[in-house]
Amino acid sequence: MIVLQHAKDYDEMSKIAYQAIREILINKPDAVLGLATGSTPIGLYKEMIKDYEAGNVSYKNMVSINLDEYVGLPVEHPESYRSFMNRNLFDHIDIDKNNTHVPNGLADDVDQACADYTAFAKAHPIDVQILGIGGNGHIGFNEPGTAFSSNTHKVELKENTRKDNARFFDNDLSKVPTHAITLGLQDIMGAKLIVLLASGAGKAKAIKEMVLGPVTPDCPASILQTHPNVIVIADEAASYYIKG
Ligand code: GLP
C-alpha cells in the first residue's frame, strides 16, 4: 500500500523523509539501509548527517546496500555511485565503509557478482529502502519492461535515462555509461519499509502512473502498489497530477 505525503518543495520533502526513517535509525543500531543515488536523496542525506553530528544517531553498526552502479566506470570516477555515496553520505557519518555495499560495475564475472549481491541482500533484509524515481518510472536502474521477478542484473540503460543523467557527465551523452548493474525489483520489494522521494515536474507523470496507473512492467515503480509499506513523499511539482 502506498501512503502519499505532499511536501511543498525539495527541502520539505527531505525533512519529511528524514522524519519517516529517524525512528528506525535510532531504535535499530544495526539496521540495514537500502540507499539510492541521484539528486533526489541528497537533501535527506544532509538531514542524516546533521542529526548524526548532533549526536542523535550512530551508523557504526549499520549495513548499507546501494541500489545500483554504472558498468565500466572506475570506482574513483566522481560519478561512480560509490564515489557519490562516499561524498554525499559515508564520508560524513560513522558507518564502517566495509559495511557499505555498492554493486561492482567492474566485475569480470558480472553474472556471479549479481548473484552474490542478491544473496547478500537476502541474508541482510533491508529495514528501510530509500528510492528516487526515473522520469520513465524506473526504480534503481530497473527500466520499463523489467520483470517484476527480477533479481540483481545488468541492464542496458534507455536513451532517455542516459539523457537525464548526462548532466552529471558534462552534458556529453557519449560519456554516460550504456550499462549498469541494479538490484532487481524482487530484491527491492523485500525491504520492510520503502520511502520513495520525488521532486520536480519531470517526475509528475511517473508519480501519477506509479500511484494511480495499472501495475505493469511498463512503469516499474507501479509494483510498489503491491508492497505493504510504502511512503511516497512528493513535492508540489512532482505531485501535480495527483493533488488532493
Ligand atoms: C538514476 C538512478 C535512480 C534515480 C534516478 C533519478 O537513474 N539509478 O536510482 O532514482 O536516477 O535521479 P534523480 O534523483 O537525479 O532525478
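The ligand sits in the largest pocket. The model is predicted. This report takes the ligand first, then the pocket around it.

**Ligand shell**

The ligand is surrounded by 13 residues. S39, T40, D68, H138 and K203 are the closest of them. By class, the shell holds seven polar residues, three nonpolar and three charged.

Polar contacts link the ligand to T40, to H138 and to G140. T40 and H138 each use a side-chain atom and face an oxygen atom of the ligand. G140 uses a polar backbone atom instead, and its partner is a nitrogen atom of the ligand. The distances are as follows.

| Residue | Protein atom | Ligand atom | Distance |
|---|---|---|---|
| T40 | polar side-chain atom | oxygen | 2.4 Å |
| H138 | side-chain N or O | oxygen | 2.8 Å |
| G140 | polar backbone atom | nitrogen | 3.2 Å |

How much of the ligand does the protein bury? Taken alone, the ligand exposes 390 Å², and the protein buries 95% of that.

**Pocket**

The largest pocket has a volume of about 480 Å³. Its lining counts 29 residues. T37, G38, I133, H138 and N165 are the closest to the pocket centre. H138 thus appears twice: it is among the residues closest to the ligand, and it is among those closest to the centre of the pocket.

Which elements give two or more residues to the lining? They are β4 (68-70), α3 (81-88) and α5 (159-165). α5 gives the most, with three residues. By class, the lining divides into 13 polar, 11 nonpolar and five charged residues.

Notes
Residues are numbered from 1 along each chain as its sequence is written. This is a predicted model: local features need pLDDT of at least 70, side-chain atom pairs count only at pLDDT 80 or more; totals for chains, interfaces and linings use all residues. Side-chain values use heavy atoms; hydrogens and water are left out. A residue is near a molecule or strand if one of its heavy atoms lies within 4 Å of it. A polar contact is a pair of N or O atoms within 3.5 Å; within protein, one must be able to donate a hydrogen and the other to accept it, and residues adjacent in sequence count only if both atoms are side-chain atoms. Accessible areas come from the Shrake-Rupley method with a 1.4 Å probe; for residues, only the protein chains shown count as cover. On a 1 Å grid over the protein atoms alone, a cavity is a set of points where a 1.4 Å probe fits but cannot get out, and a pocket is an open set with protein on both sides within 12 Å along at least five of seven lines; lining residues have an atom within 4 Å of a point. A molecule sits in a cavity or pocket if more than half of its atoms lie within 2 Å of its grid points. Ala, Val, Leu, Ile, Met, Phe, Trp, Tyr, Cys and Pro count as nonpolar, Asp, Glu, Lys and Arg as charged, and the others, Gly among them, as polar. Grid points are joined across faces, edges and corners, and a volume is the space filled by probe spheres set on the points. Helices (H or I, at least four residues) and strands (E, at least two) are DSSP runs, numbered from the N terminus.
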